[in-house]
Amino acid sequence: MNLPNYNIRQLLEAGVHFGHQTHRWNPLMDEYIYGSRNGIHIIDLTQTLTMLDVALNEIHKLVSKGGSVLFVGTKRQAQHAIAEAATKCAQYYINYRWLGGTLTNWNTVSNSILRLKDLEGFDESQLSLFTKKERLNIEKEHQKLNLSLGGIKEMKNIPDMLFVVDTNKEAIAIKEAKKIGIPVVAILDSNSSTDGVDFPIPGNDDASRAISLYCDLVSKTILDGMESHLGSAGIDLGESEAPSSGDLPEGKSSENGISNDKVSSEKVEADVPNQSSDDQTLADQDNSNAAADINRENPSKEKNQKKDESKTEA
């Protein structure tokens, strides 16, 4: 098990230690508060570090057994971080609005998910059959369902664990999870309630940097748990695919083609001088044959030439 590395310095830089104003605190969080400064509570990061490690270990154990985690964070600061982290580790998320009964009335919610998928299946040719007003209503319905259920449209059953940011805003989700018996990992600020939270993580739940740090650590832990789950199932993640049978012969054929081209070019170069010499010998033979034919045709001329030469010598 390889959990992501983190330390108190990273928590300090992300502003995890900052709580709310002292008059807005929840007495249930007293044991996690280190003190106050300038009217703001300071959270004890030593406890945060320990409890964060416990929560990540529980998430890793769950995912390594094939479990799933639902990220829940509908406040504006957490929407992007929740969606990005859940998508990175192939989990589910709700970042717009928690629909009442998402867990306790899953059958009805699953019907709404089916409706969302049906709307996504419409193409231009099908939409052209509707009037303009009907198309606008379909688009509005699709946008509304996609905002609320887009992060869980691939979820077949209820999740095995919840990761919640801001327990005050997501109180309904925690109550539903507690009713069904789903464990909850939650970020607790100085004004949060610990009721229904199985693995609390004391820390700032308002700063975007702190929320991004939590989500990044949880997503990395889930990815490591998925790797261990696949490894226990006998799947070798480092095994590379075998090269296709046509790759090597193609390379050899290309090399052979290049070598054959070289050989053929060398043969052509070697044949050129041989061909020229053959042409020269053929030309010499033709000249000698032509001279012999001329001599055969005019034997009398040769005799007369010999007589004239003998006379001149005498």
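How many nonpolar, polar and charged residues make up the lining of the largest pocket? In this predicted model, the lining has four nonpolar residues, four polar residues and one charged residue. The residues concerned are H17, F18, Y34, G35, S36, R37, N38, I40 and I42. Two elements each give two or more residues to this lining, namely strand 2 (33–37) and strand 3 (40–43). Strand 2 is the main contributor, giving four residues, the most of any element. The space inside the largest pocket comes to about 160 Å³. A friendly way to picture such a search is that rolling a probe the size of a water molecule over the atoms shows where empty space is left.

Stepping back to the whole chain, the fold is built from ten helices and eight strands. Of its 314 residues, 36% count as buried. The surface that the chain exposes is about 19,300 Å², and 49% of this area is supplied by carbon and sulfur atoms. The contacts also tell something about how the sequence is brought together in space. Among contacts between residues at least 6 apart in sequence, 63% join residues that are at least 24 apart.

Helix 3, which spans residues 76–88, offers a good place to look at burial in detail. Its buried residues are A78, A81, I82, A83, A85 and A86. Which elements help to cover them? The cover includes three strands, strand 4 (69–72), strand 5 (92–94) and strand 6 (161–165), together with helix 8 (208–232). Just after helix 3, the backbone at A90 takes a positive phi of about 60°.

The cysteines make a short story of their own. A search of the whole structure finds zero disulfides. Why does C89 not form one? The closest cysteine sulfur to that of C89 belongs to C215 and is 9.4 Å away, which is too far for a bond. A disulfide needs the two sulfur atoms to be within 2.5 Å, so at 9.4 Å the sulfurs of C89 and C215 do not qualify. Seen from the other side, the sulfur of C215 has the one in C89 as its closest cysteine sulfur, again 9.4 Å away and too far for a bond. Are these two residues buried or exposed? C89 counts as buried because its relative accessibility is 0%, and C215 likewise counts as buried, at 1% relative accessibility. The cut-off behind both statements is that buried means under 20% relative accessible area.

Conventions: Residues numbered from 1 in each chain as written. Predicted model: local features only at pLDDT ≥ 70, side-chain atom pairs only at ≥ 80, totals over all residues. Heavy atoms only, no water. 1 Å grid on protein atoms, 1.4 Å probe; cavity = no way out; pocket = protein on both sides within 12 Å on 5 of 7 lines; lining within 4 Å. Points joined across faces, edges and corners; volume = space filled by probe spheres on them. Nonpolar A, V, L, I, M, F, W, Y, C, P; charged D, E, K, R; others polar. Buried < 20%, exposed > 50% of the residue type's maximum accessible area, 1.4 Å probe, protein only. Contact = heavy atoms within 4.5 Å. Areas by Shrake-Rupley, 256 points an atom, 1.4 Å probe, with all protein chains shown as cover.
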